[in-house]
Amino acid sequence: MASNYDYEDAPAGYEDQRRQDLGYDPNFVPDSVKSFVVHLYRHIREKNVYEIHQMYENSFQTLSDRLFKDTPWPSVDAVAHYVDNDHVFCLLYREMWFRHLYARLSPTLQQRIDSWDNYCSLFQVVLHGVVNMQLPNQWLWDMVDEFVYQFQSFCQYRAKMKNKTEQEIALLRQYDQAWNVYGVLNFLQALMEKSNIIQILEQEKEGLEQFTATDGYDYNGGSNVLKVLGYFSMVGLLRVHCLLGDYHTGLKCLLPIDITQQGVYTSVIGSHIATIYHYGFANLMLRRYVEAIREFNKILLYIYKTKQYHQKSPQYEQILKKNEQMYALLAICLSLCPQVKLVDDTVNSQLREKYGEKMSRMQRYDDEAFAIYDELFSYACPKFITPSAPSFEEPLVNYNQDAYRLQLKLFLYEVKQQQLLSGVRTFLKVYSTISLGKLASYMEVDEPTLRTILLTYKHKTHAVDSDGRIISNADVDFYIDDDMIHVVESKPVKRYGDYFLRQIVKLEGVINDMDRVKLE
């Protein structure tokens, strides 16, 4: 077990004191770090996934907390000779080095560029070299996740041009290919294609492959690195396209993964949440509310049941944040498309606790309701980016909010149209048949206008799914025969099985309690 190693048990005093005396020295390697890299290198060479995972998840965090709270780790040059100057290990070490830097400190522009170069070298090795390693899925997911995060972070940084120094502007001009959107998309696409992951998943459906059964690991002495990076790159592509506001393409990239089933993406909690968050958000923006509600409900129930197991995980805060954001997105979906029957009781009671009052106000057609949609969307949406380089001509302006403002505007435009229709829905829920004239007078419009509103309602409550089929999001449907509107309310399918199972469990509990009672 990793925790038996001396680098975690070593007395903290000496190393900590020496570091404080010297300030940060990139070439100083504490004994515990030396021991860490030597052991990690050995385990990677021996393909000991379990030990690598322990060291990656636990020991790296422990050492970071103890020795590198507000400084970077020792430089790669300082540790290279402990690991035979192994090129691939040094790339992996730098990948962790930069991730720690981004998490704890503020990277300089030069460091952002260096991190891009390191990812380029690492992915080139995976794509064109012979990689004979088994790495934990958690690490491979983190690589893709961090790659997209650093791209997003770079775009946000570059778009704040107002206070840039001349030196920074010169660097941006010189390294104009660093974190270029085409470069980012090309790497993710190349990993996906080179790994043959789409064919592997196809063959798995026919029972010819064991990718999900082995969680993507190759126990026949091969390597899981390219295959699993290719797999997670599909989620990475969905995320990048969501950041760019291209939801159709994003969902297309995810198609090979069947998210109705358990898969390798569910084996890492961060990947599971990121997949469903972006999948649900893309569906929300494409008006496929039913699909979004269904998936948000499933993941929120899953987090509710399992979050206590992740309390010690470095991802715990991120899990809680995404959980809150997805409740906000679910509140938006259900306000635009009331389909409460799709939501589990547990999730519904959590939702009511968090957003019950806001949701009842969102049903109204006024500025206050509109402001709540604005607030929830702004809180829960991804950090949209403008991927293009800035104009370096004076005056320099900040354009980091432009992409977000555009997506917010599009979303609120849709909300305005949907709110107009909530009045129609309210009346349709009350009647099974009503004449056009009567409904027009209730809504204080003339008949031609009402016909237009009803057609708009039909259009807005239908969406095109990923297979190109037209699907209905409506809980109330209708047709017009002569001048009469006939309302068809979709009745929820009653599930008697669940009800009986719950009662049986209750009864067993009562019987057990009675058995414990000792009669005099």
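**Reading a predicted model, feature by feature**

Author: Welcome! Trp-179 sits in the loop that runs between α9 (166–174) and α10 (181–194). Please keep in mind that this is a predicted model.

Reader: Is Trp-179 buried or exposed in that loop?

Author: Trp-179 is buried, with a relative accessible area of 0%.

Reader: And what is its phi near?

Author: First, the general idea: most residues other than glycine have a negative phi. In this structure, Trp-179 has a positive phi, near 55°.

Reader: Which loop holds Lys-47, and what is its phi?

Author: Lys-47 lies in the loop between α3 (31–45) and α4. Lys-47 is not a glycine, yet its phi is positive, about 55°. At 22% relative accessibility, Lys-47 counts as partly exposed, whereas Trp-179 is buried. You can also look just after α14, where Arg-287 takes a positive phi of about 65°.

Reader: Before going on, how do I use the confidence score?

Author: Where pLDDT is low, the predicted coordinates should not be read in detail. Here the protein averages a pLDDT of 88, and 94% of the residues score at least 70. Over residues 1–21, however, the pLDDT is below 50. Beyond near neighbours in sequence, that stretch has 46 contacts in the model.

Reader: Now helices. How far does α14 reach, and how much of it is buried?

Author: One way to read a helix is to set its span beside the expected one. Helix α14 covers residues 269–285, 17 residues in total. From its first C-alpha to its last it reaches 24 Å, close to the 24 Å expected at 1.5 Å a residue. This helix is mostly covered, with 16 of its 17 residues buried.

Reader: What is Val-225 in contact with, and where does it lie?

Author: Val-225 lies in helix α12, which spans residues 225–244, and it counts as buried at 2% relative accessibility. Leaving aside neighbours within four places in sequence, Val-225 is in contact with Val-126, Val-131, Met-133, Leu-135 and Leu-140. Take Leu-135 from that list: it is 90 residues from Val-225 along the chain, while their C-alpha atoms are separated by 6.4 Å.

Reader: How do I look for empty space, and what volume does the largest pocket have?

Author: Rolling a probe the size of a water molecule over the atoms shows where empty space is left. In this model, the largest pocket has a volume of about 1,600 Å³. It is lined by 46 residues, and the closest to its centre are Asp-145, Glu-146, Tyr-149, Arg-239 and Gln-318. The elements giving two or more residues to that lining include α4 (49–67), α6 (87–104), α16 (316–336) and α18 (367–380). Helices α12 and α14 are also among them.

Reader: Which helix gives the most to that lining?

Author: That is α8, with nine residues.

Reader: Last topic: how many disulfides are there, and why is Cys-337 not in one?

Author: The idea is to check the distance between cysteine sulfurs, since a disulfide needs a pair within 2.5 Å. By this rule the count here is zero. The sulfur of Cys-337 has its closest cysteine sulfur in Cys-333, and because these are 7.9 Å apart, they are too far for a bond. For Cys-381, the closest cysteine sulfur is in Cys-242, 11 Å away, so this is too far for a bond as well. Both cysteines are buried: Cys-337 has a relative accessible area of 3%, and Cys-381 has 7% relative accessibility.

Terms used
Residues numbered from 1 in each chain as written. Predicted model: local features only at pLDDT ≥ 70, side-chain atom pairs only at ≥ 80, totals over all residues. Heavy atoms only, no water. Helix = DSSP H or I, 4+ residues; strand = E, 2+ residues; numbered from the N terminus. Expected span 1.5 Å × (residues − 1). Buried < 20%, exposed > 50% of the residue type's maximum accessible area, 1.4 Å probe, protein only. pLDDT = per-residue confidence, 0-100. Contact = heavy atoms within 4.5 Å. 1 Å grid on protein atoms, 1.4 Å probe; cavity = no way out; pocket = protein on both sides within 12 Å on 5 of 7 lines; lining within 4 Å. Points joined across faces, edges and corners; volume = space filled by probe spheres on them.
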